[in-house]
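Here's a walk through the inside of a protein: its cores, its empty spaces and a few residues worth a look. Have the viewer open as you read.

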Amino acid sequence: RRNNHIEQFDIIYADPPWKYGNTMPDYMGVQEDHYPTMTVSELCEMNVSEISEENAVLFIWVTSPILEDSFKVINSWGFKYKASFVWDKVKHVMGHYNSVRHEFLLICVKGSCQPDIQKLHDSVVTEERTKHSKKPDIFRKIIDEIYPNGKRVELFARESVDGWDSHGNEL
């Protein structure tokens, strides 16, 4: 808070620490090996609606097993789903039903928040994955390019980035 006023943001970029329960195959490590996780209920209770402007955009990372539940979080934060990017990670990770090599970056809006710059990027971005849960910088660059204006925050951030407020337990 600043001067008893809650700071509000136009652009929110989030990579929630989703708690998957027992959905991962036994031979894989679990998220808790890397960072503390949060349940869907805990994520829904966050005051993201309060820190977002009346007209705002949310970019939120989601994997296939949590896709359906992610909409509970998106809606509880005051946003509506509009579109998505698919990150083709090149390297595969074994799942229950297929060999997974992608993740979704869902684009959601609160109010009216179309891009400032009308440049359409390809919805599928191929970028080889590196360390656990690290997202490619290209996605933040796309966000900065199409939304050059407005106050921005990264939730669950692992590093500080110029031009972005960052909130996360690894900072």
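What follows goes from the overall fold to the packing, then to the pocket and cavity, and ends with a lysine and two cysteines.

## The overall fold

First things first: this is a predicted model. The protein chain has four helices and seven strands, and if you read along the sequence they come in the order β-α-α-β-α-β-β-β-α-β-β.

Of the 171 residues in the protein chain, 40% are buried. Take the contacts between residues at least 6 apart in sequence, and 71% of them turn out to join residues at least 24 apart.

## Two nonpolar cores

The largest nonpolar core holds 25 residues, and those with the most contacts inside it are Ile-12, Trp-18, Leu-58, Ile-60, Trp-77, Phe-79 and Leu-155. Helices and strands both feed into it: β1 (9-14), α1 (40-44), α2 (48-51), β2 (52-62), α3 (67-76), β4 (99-110) and β6 (152-155) are the elements that give two or more residues. The biggest giver is β2, with four residues.

Leu-58 is a good place to zoom in. Setting aside neighbours within four places in sequence, Leu-58 is in contact with Ile-12, Ala-14, Ile-74, Trp-77, Phe-79, Leu-106, Ile-107 and Cys-108. There's also a second, separate core of 19 residues, including Phe-59, Phe-85, Cys-113 and Phe-139.

## The second largest pocket

Now for some open space. The second largest pocket takes up about 350 Å³. It has 19 lining residues, and the closest to its centre are Ala-83, Ile-107, Pro-115, Leu-120 and Ile-146.

Elements giving two or more residues to this lining are β3 (80-94), β4 and α4 (137-146), with β3 supplying the largest share, four residues. By type, the lining of this pocket splits into 12 nonpolar, five polar and two charged residues.

## A cavity with charged neighbours

How many cavities of 30 Å³ or more are there? The count is one, and the volume of this largest cavity is about 160 Å³. Lining it are 16 residues, with Lys-134, Lys-135, Arg-140, Glu-154 and Arg-158 nearest the centre.

β1, α4 and β6 each put at least two residues into the lining of the largest cavity. That lining is made up of seven nonpolar residues, one polar and eight charged.

## Lys-72 and its surroundings

Lys-72 sits in helix α3. Is Lys-72 buried, partly exposed or exposed? Its relative accessible area is 48%, so it counts as partly exposed, given that exposed takes over 50%.

Leaving out residues up to four places away in sequence, Lys-72 touches Val-40 and Cys-44. Leu-43 is 29 residues from Lys-72 in sequence, and the two are 9.3 Å apart in space, C-alpha to C-alpha.

## The cysteines

Cys-44, one of the residues that Lys-72 touches, has a relative accessibility of 22%, so it counts as partly exposed. Cys-113 is buried because its relative accessible area is 13%, and the cut-off for buried is under 20%.

What about disulfides? The count comes to zero, on the rule that a pair of cysteine sulfur atoms must lie within 2.5 Å.

Conventions: Residues are numbered from 1 along each chain as its sequence is written. This is a predicted model: local features need pLDDT of at least 70, side-chain atom pairs count only at pLDDT 80 or more; totals for chains, interfaces and linings use all residues. Side-chain values use heavy atoms; hydrogens and water are left out. Buried means under 20% relative accessible area, exposed over 50%, partly exposed in between (1.4 Å probe, protein chains only). A nonpolar core is a set of buried Ala, Val, Leu, Ile, Met, Phe, Trp, Tyr and Cys residues joined through side-chain atoms within 4.5 Å. Contact means heavy atoms within 4.5 Å. On a 1 Å grid over the protein atoms alone, a cavity is a set of points where a 1.4 Å probe fits but cannot get out, and a pocket is an open set with protein on both sides within 12 Å along at least five of seven lines; lining residues have an atom within 4 Å of a point. Grid points are joined across faces, edges and corners, and a volume is the space filled by probe spheres set on the points. Ala, Val, Leu, Ile, Met, Phe, Trp, Tyr, Cys and Pro count as nonpolar, Asp, Glu, Lys and Arg as charged, and the others, Gly among them, as polar.
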